[in-house]
Amino acid sequence: QVQLVQSGGGLVQAGDSLRLSCAASGRTFSTYSMAWFRQAPGKEREIVAAISWSGSTYYEKSVKGRFTISKDNAKNTVDLQMNSLKPEDTAVYYCAATDRLTWWTNVYDYWGQGTQVTVSS
């Protein structure tokens with residue numbers, strides 16, 4: 001069982017940066033793959049970035065080069081650094097964890113509470 005608590009988020013202007021953090025409970029955090037998802041109003045939830053238990057990463061096409069996911073096994077945290085934010089990045093962002101092998105897909109088992117990111121133009 002993994003419990004995830006998110007922090008960060010808020011209202012920023014286009015071009016600004018924002019960092020989201022997610023703290024996980026549990027002693028086996030290093031064996032979990034982690035991801036950040038987002039859901040905009042009227043849209044389906046989509047995976048934004050993921051990092052496997054071994055450190056491999058995946059980025060959704062629209063954020064590649066702007067967002068960076070990082071995982072700190074010593075601190076049991078996963079962060080999402082978001083640079084050059086755009087209004088279309090506005091959404092509720094969720095961190096998630098899984099011990100499945102298909103870490104790059106949208107099938108995750110444990111979820112954070114969600115945090116709003118709003119980017120004004």
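**Group meeting: salt bridges, a sheet and a disulfide**

Okay, let's start with Arg19, which is partly exposed, with a relative accessible area of 41%. Before I go on, keep in mind that this is a predicted model.

So who does Arg19 pair with? Its salt-bridge partner is Asp79, and the closest N and O atoms are 3.1 Å apart. Arg19 sits in strand β3 and Asp79 in strand β8, so this contact ties together parts that are 60 residues apart in sequence. And is Asp79 buried or exposed? Asp79 comes out at 13% relative accessibility, so it counts as buried.

Now, β3 and β8 bring us to the sheet. Four strands make an open sheet, in the order β1-β3-β8-β7, with antiparallel pairing. At the edges you have β1, residues 4-7, and β7; each has a single partner strand, so one side of each is left without a neighbour in the sheet. Going from one strand to the next, the twist averages 15°.

Let me walk through the two ends. At one edge, β1 and β3 run antiparallel and are joined by 4 bridges. If you want a residue pair to click on, take Ser7, whose bridge partner in β3 is Ser21.

At the other edge, β7 covers residues 67-72, and it pairs with β8, residues 77-82, in the antiparallel sense over 6 bridges. Here Lys71 is opposite Val78 in β8. The two strands, β7 and β8, make a hairpin with 4 residues between them, and in the turn Asn76 has a positive phi of about 60°.

A quick reminder: in a regular strand, side chains alternate between the two faces of the sheet. Which residues of β7 are on the covered face? Those are Phe67, Ile69 and Lys71, while Thr68, Ser70 and Asp72 are on the uncovered one. Yes, that puts Lys71 on the covered face.

Back to charges. How many salt bridges does the structure hold? There are 5. One I like is Asp89 with Arg66, where the closest N and O atoms are 2.8 Å apart. This one links distant parts of the chain: Asp89 is in the loop between β8 and β9, Arg66 is in the loop between β6 and β7, and they are 23 residues apart. Both Asp89 and Arg66 are buried. They also belong to a network of salt bridges that takes in Arg38 and Glu46.

Then there's Asp109 with Arg100, with closest N and O atoms 2.8 Å apart. Asp109 is partly exposed, at a relative accessible area of 30%, and Arg100 is partly exposed too, at 39%.

Last topic, the disulfide. A search of the whole structure turns up 1. Which cysteines form it? Cys22 and Cys95, with their sulfur atoms 2.1 Å apart. Cys22 is in β3, residues 18-24, and Cys95 is in β9, residues 91-98, so to speak at two distant parts of the chain, 73 residues apart. The link of Cys22 and Cys95 is right-handed, with 45° about the S-S bond. As for accessibility, Cys22 is at 1% and counts as buried, and Cys95, at 0%, counts as buried as well.

So if you open the model, look at β3: it carries Arg19, which pairs with Asp79 in β8, and Cys22, which is linked to Cys95 in β9. That's it from me, thanks.

Terms used. Residues numbered from 1 in each chain as written. Predicted model: local features only at pLDDT ≥ 70, side-chain atom pairs only at ≥ 80, totals over all residues. Heavy atoms only, no water. Disulfide = S-S within 2.5 Å. Buried < 20%, exposed > 50% of the residue type's maximum accessible area, 1.4 Å probe, protein only. Pairing = 2+ DSSP bridges. Salt bridge = Lys/Arg side-chain N within 4 Å of Asp/Glu carboxyl O. Axes fitted to C-alpha atoms, helices over the stretch in contact; angles between N-to-C directions.
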